[in-house]
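Please open the model in a viewer and set it to show both the backbone and the side chains. The tour below proceeds by selection, one stop at a time.

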Amino acid sequence: VLLSEARRGAGRFADAVATDSSFGDVRLGRSLSSVHAPASITELYALAVYQGVLYAITGDSDIVYSSTNGTTWVTAADLSTLGIGSTATSLKSIGIFNGSLLVGSGSNGQLFRYDGSSWTLFGTLTNAVSLRCIAQTVWGSSPSCRVGASGVDSTGAAATGRASLVTVTVTPTFNYAENVPFPHIEAVISQNDVIYYAALDDTAGVRGALFRTTGILVKDLPDNAVSSFAEYQ
């Protein structure tokens, strides 16, 4: 169903269900079908492609699924059964760093690493209650990534209602460099040597803010929030 909005000018629309504007116009979107609906899992939280395989993490479990064709899915890892110290009951972030796949817990500060053959506990961010985003931000001989850690401040101390943007090295070491007065940092990206990160408060409605390093407010979003970034052209 496409709802037109002629009152505001030709060629505009206010709301739409299953529409596609990628061709430069507005037309019916592609029909969707379910390809994976695992029993007892209610939240498939995020996706990432690693070594030609698509991975999906679960927001209400510690299971990672994978698919080589987007249609057939298998359990790639049950992190609680790997004997690597996992106590995570939720996974909330996934990303590529230094040639490995990293997965962040949504229930504690554990960060897991998959190198294409085995899963390990890469490290634990002390006092963090959730890791909501992962993105590599520095390449070259000394690469690092940024992780959005909920429940900690820039000193690494526990802090209710605050989040820290943490620099993670390959060792790993953790540098709690920046913090925001929001419960979560939901997304991070490096673009033209500038790191942007999005804060989120969803405790009573939704509000957020867009920041860039180091701690500079780009845009306050009193009734909205950024949940993801992607570089395009």
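Select Val 53 and display its surroundings in this predicted model. Beyond the neighbours within four places in sequence, Val 53 is in contact with Ala 48, Ser 66, Ser 67 and Thr 68. Val 53 belongs to strand 6, which spans residues 53-58. Is Val 53 buried or exposed? Its relative accessibility is 18%, and because the cut-off for burial is under 20%, Val 53 counts as buried.

Next, extend the selection to residues 63-67, which make up strand 7. Strand 6 and strand 7 pair in the antiparallel sense, over four bridges, and a hairpin of four residues joins the two. To inspect this pairing, select Ile 57 and, opposite it in strand 7, Val 64.

Remain on strand 7 and colour its residues by burial. Five of the five residues are buried, so strand 7 is largely enclosed by the rest of the structure. In a regular strand, side chains alternate between the two faces of the sheet. Here, Ile 63, Tyr 65 and Ser 67 lie on one side of strand 7, with Val 64 and Ser 66 on the other, and both faces are covered.

Now add residues 74-78, strand 8, which pairs with strand 7 in the antiparallel sense over four bridges. Select Tyr 65 together with Thr 75, its bridge partner in strand 8.

Finally, move to the turn of the hairpin formed by strand 7 and strand 8, which has six residues between the strands. Gly 70, in this turn, has a positive phi of about 80 degrees. A C-alpha to C-alpha distance drawn from Gly 70 back to Val 53 spans 8.8 Å, with the two residues 17 residues apart in sequence.

Notes:
Residues are numbered from 1 along each chain as its sequence is written. This is a predicted model: local features need pLDDT of at least 70, side-chain atom pairs count only at pLDDT 80 or more; totals for chains, interfaces and linings use all residues. Side-chain values use heavy atoms; hydrogens and water are left out. Buried means under 20% relative accessible area, exposed over 50%, partly exposed in between (1.4 Å probe, protein chains only). Contact means heavy atoms within 4.5 Å. Two strands pair if DSSP finds at least two bridges between them.
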